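Subject: Structure for your review

Dear colleague,

Please find below the structure that I am handing over to you. My findings follow it.

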Amino acid sequence: MNVYDSQRIANILQNMGHIPTSNINDADLVIFNTCHIREKAAEKLFSDLGRINLIKEERKEQGKETIIGVVGCVVQAEDQQIAKRAPYVNFATGPLTYYRIPEILQKIANQKDMCIIDTEFTAESKFDHLPQNHSEGGCSYLAIQEGCNNFCTYCIVPYTRGVETSRPVEDVIKEAKQLVATGTLEINLLGQNVNSYHGEDANGKERNLAYLLRRLAEIDGLERLRYTTSYPADVNDDLIACHRDLKKLMPYLHLPLQSGSDKILKAMNRRHTSGQYLEIIDKLRHANPDLGFSSDFIVGFPGETDEDFQATMDMVDKVGYIQAFSFKYSRRAGTPAAVYPNQVPEKIKSERLIALQDKLFALQLNFNKGCIGKTMPVLFESKGKKKGQLFGRTPYMQNLHAEISEQYLNKIVSVKVTDANTNSLSGEVI
Ligand code: 5AD
Ligand code: SF4
């Protein structure tokens, strides 16, 4: 979602006549988009701000002005901290109000050195104010839902992104058609709790994600659809049927489990047990036997015992994930779990994370190796690290590098997989 927001901010600035620079010393305007999900992510902001302030000071000596802005969830949660720890910041806005950047920059231009902080939870939808003329190449994100009402006890998101809102169906279809018209072949629908989407159609009727996927699948020229991130308890039969019926829907689903222990899931306020999660996976596999799953995991949630952790390891084996993200529990001030007793010592969290990641990486490597010799349609979305190479994604979201002419950038090409490691595949164009 932050990548999507950053792209929108870049669109806003480009429409104002700004151009990007790859040399930070040349930048008249620097905006940080921030994440508050774990402590590490938030702390990074303050070290980056200190670094940029040195550049701001140097440029000042050369008679050049530098405007520094901060956007995103850190602002929503720690606006006073930013003003206190980094008083040289010119403006800060939360994730729901960054569409006001043009107004803010105007105010700053009129009155130098003004620090504006905008963390309002507006009733207005930011999507009504964002530029419509964007184009992201072959692969585009499209936000359809924002915020979350689930209030998992570890998570800061409902407090920073606010309660759930869904964009109207026709707005999404219009934006999707516009993306396809400018070369998009794959759309990844975004939302913190994307499968609880409930946007209104043209007649004011609430529609679900399955309806939206079926409508999007009808768009000529759109080849691939994905959606992320889903909440297990909100996977309904309509959505499962989409995985059976829609060829354009890619056979990869990110479905966070967080923990394999029912006791911990309850303490996390997740509305599912490990057994219910397995039932959903079974139904999805029945609908499309080729589906590959990924997940998020948190280790060291307060009260997690060795047995609870073992239950997570067992679930990994039962599901057989093809990819996953795993994190040490991070205390977020203001969330219920931050003050739970039985916080797990850092050392144990680290040991559990290593053990879990060893297992997850082994599964991922095994899946990737199993692809060697297979031919897959790959959407090449950017230049590779090495000259003459392009980087693309398989239907399973695997990274793939191939030696291929640049004319295939933003195209889907048949590629035979020749080699594989944990994080990427290599292939030859057929
Ligand atoms: N500590 C560690 N991981 C967290 N996540 C969310 N909040 C926390 C936290 N306080 C993880 C969850 C979520 C992913 C985006 O980040 O696994 O699915
Ligand atoms: Fe956070 Fe996701 Fe839980 Fe919502 S469903 S509170 S975004 S972890």
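In what follows, a residue is counted as near a ligand if one of its heavy atoms lies within 4 Å of it. Please note that the model is predicted.

On that basis, ligand 2 is surrounded by Cys148, Asn150, Phe151, Cys152, Tyr154, Cys155, Val157, Pro158, Tyr231 and Arg270. Sorted by class, this shell comprises eight nonpolar residues, one polar residue and one charged residue.

The shell of ligand 1 consists of Ile37, Arg38, Tyr154, Gln258, Asp296, Ile298, Phe327, Lys328, Tyr329, Ser330 and Arg332. Here the division is five nonpolar, two polar and four charged residues. Two strands, β11 (292-299) and β12 (323-328), each contribute at least two residues to the shell around ligand 1. Tyr154 appears in the shell of ligand 1 and also in that of ligand 2.

Which side chains come within polar reach of ligand 1? An N or O atom in the side chain of Gln258 is 2.6 Å from an oxygen atom of ligand 1. For the side chain of Asp296, the corresponding distance to a ligand 1 oxygen is 2.6 Å, and for that of Arg38 it is 2.9 Å. Ligand 1 exposes 410 Å² when taken alone, and the protein buries 87% of that area.

Asp296 leads on to His254, as the side chains of these two residues share a polar contact of 3.1 Å. A further polar contact, of 2.7 Å, links the side chain of His254 to that of Ser294. His254 lies in strand β10 (residues 252-254). Is His254 buried or exposed? Its relative accessibility is 7%, so His254 counts as buried, the cut-off being under 20%. Leaving aside residues up to four places away in sequence, His254 touches Thr228, Thr229, Ser230, Ser294, Ser295, Asp296 and Phe325.

Finally, I examined helix α12 (residues 346-370). Its 25 residues, at 1.5 Å a residue, should span 36 Å, and the end C-alpha atoms are 36 Å apart, which agrees. The buried residues of α12 are Lys349, Arg352, Leu353, Leu356, Leu360, Gln364 and Asn368. An α-helix has 3.6 residues a turn, so residues three or four places apart point the same way. The buried residues of α12 pack against β11, α11 (306-319), β12, β16 (412-420) and β17 (424-429). Strands β11 and β12 thus recur here, having also supplied residues to the shell around ligand 1.

With kind regards

Technical notes: Residues numbered from 1 in each chain as written. Chains lettered and ligands numbered in written order. Predicted model: local features only at pLDDT ≥ 70, side-chain atom pairs only at ≥ 80, totals over all residues. Heavy atoms only, no water. Polar contact = N/O pair within 3.5 Å; in protein donor to acceptor, adjacent residues only side chain to side chain. Areas by Shrake-Rupley, 256 points an atom, 1.4 Å probe, with all protein chains shown as cover. Helix = DSSP H or I, 4+ residues; strand = E, 2+ residues; numbered from the N terminus. Nonpolar A, V, L, I, M, F, W, Y, C, P; charged D, E, K, R; others polar. Expected span 1.5 Å × (residues − 1). Buried < 20%, exposed > 50% of the residue type's maximum accessible area, 1.4 Å probe, protein only. Contact = heavy atoms within 4.5 Å.
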